[in-house]
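Biologist: I would like a close look at one strand of this protein and at what surrounds it. Please take it step by step, since I am new to this.

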Amino acid sequence: MLPVVVVHGGAGHIPKERAELSTIGVKEATRTGYAILLKGGSAMDAVVEAVALMENNPRFNAGRGSVLNVKGEVEMDAMVMDGRSLDSGAVSAVRGIANPVQLARLVMEKTKHLCLTAEGASKFARSMGVPEVPEESLITDYAKMRWKKNLEPDANPVECQMGKMGTVGAVAVDKDGNIACATSTGGMINKMEGRVGDTPCVGCGGYADNNIGAVSPTGHGEAIMKVTLSRLILFHMEQGKTPEEASDLALTYMKERVDGLGGVVVVDPKGTWAMSWAAAQQGKLHFGLYRGEHFVEPVQESI
């Protein structure tokens, strides 16, 4: 069953005109992460590279393609977590960085902190030699269009977000049985300047523990934080639930308790996974965007 990598590209309804290219992007990220695992790379290497690829893809709400805040600017959040040591790193409200997930990993590996924010994160990036990029390079015409639309008095940004909602993320188990997760997002459409969602918060925007499994969620960040969704799913798994059962229980609770919508990718130490856009395991690529879809093809086609 090992190694395995499972990837998502956001939650909510994805418009048909964007669905095909979004699915291609998630499949590419999954194949890339799986190739790293097959070569003996770590789960952390796999999830960071998979998420970085989606940050580079303008089809996703992360990195290039991030939604804009109320001022028309890009502020991004990302996190990683290592299930072997429970070490974690995160950045929030960061600007001018092409791959926030890579910066989050540097926070984990090069500092004693778990999260750096805004200008502090930018100063750290410069000290690590991470190149800054012009904000314009992160802004797409699609993001501008949706920003302008949601400036109107009767706009509902949360409802509009359902077209391109929340985060991108990945979970993986490597050949040595080590588990990791990574999550990255541009946040909510037309959010207040400085708003930080669930993504950089341990137990909310992700969690990984070699003894239980790993989770990367996507959806309405405020709702996810209220129920600490990632850790809640792993709590149910600690009680003997499968990844699918635990996910269903936690997502149902979030909907009933705080009227929150979302999705997750989950994996346990044995490689059993649940709820994904794409997953690679035992030489096969599983994928599907809409509920009930499950296609399978050889993963070697692109490795």
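How many of the seven residues of strand E3 (residues 88-94) are buried?

Modeller: Seven of the seven residues of E3 are buried, and the strand counts as mostly covered. Buried means under 20% relative accessible area, exposed over 50%, and partly exposed in between (1.4 Å probe, protein chains only). The model is predicted, so local features need pLDDT of at least 70 and side-chain atom pairs 80 or more, while totals for chains, interfaces and linings use all residues. Residues are numbered from 1 along each chain as its sequence is written, and side-chain values use heavy atoms, without hydrogens and water. Strands (E, at least two residues) and helices (H or I, at least four) are DSSP runs, numbered from the N terminus.

Start with the strand that comes before E3 in the hairpin. Strand E2 covers residues 76-82 and runs antiparallel to E3, with five bridges joining them. Strands pair if DSSP finds at least two bridges between them. One of the bridge partners can be named: Met-76 is matched with Val-94 in E3. Together E2 and E3 make a hairpin, with five residues separating the two strands. In that turn sits Leu-86, whose phi is positive, about 65 degrees.

Now take the other partner. E3 is also joined to strand E4 (residues 115-117), by three bridges, and these two strands run parallel. Here Ser-92 has Thr-117 in E4 as its bridge partner. To get from E3 to E4, the chain passes through helix H3 (residues 100-110), and this β-α-β crossover is left-handed. It would be right-handed if, with the strands pointing away from the viewer, the path from the first strand over the helix to the second ran clockwise.

One residue inside E3 deserves a separate look. Ala-93 is found in this strand and has a positive phi of about 50 degrees, although it is not a glycine. Ala-93 counts as buried because its relative accessibility is 5%. Ala-118 also has a positive phi, near 50 degrees, and is likewise a residue other than glycine. Ala-118 lies in helix H4 (residues 118-127). Its relative accessible area is 29%, so Ala-118 is partly exposed.

Return to E2, on the antiparallel side, to see what touches it. Thr-199 has its place in the loop between strand E6 (179-185) and strand E7 (207-209). At 0% relative accessibility, Thr-199 is buried. Leaving aside neighbours within four places in sequence, the residues in contact with Thr-199 (heavy atoms within 4.5 Å) include Asp-77, Ala-78 and Met-79. Those three fall within the residue range of E2. Other contacts of Thr-199 are Thr-167, Thr-183, Ser-184, Thr-185 and Gly-205.

Some further residues can be placed from there. UniProt, in an unreviewed entry, places the feature "binding site" at several residues, among them Arg-195, Asp-198, His-220 and Gly-221. Such annotations may be inferred rather than shown by experiment; positions follow the numbering used here and feature names are shortened. His-220 is in the loop between strand E8 (213-219) and helix H7 (221-226), and is partly exposed, with a relative accessible area of 22%. Gly-221 lies in helix H7 and is buried, at 2% relative accessibility. Leaving aside neighbours within four places in sequence, Gly-221 is in contact with Arg-195 and Asp-198.
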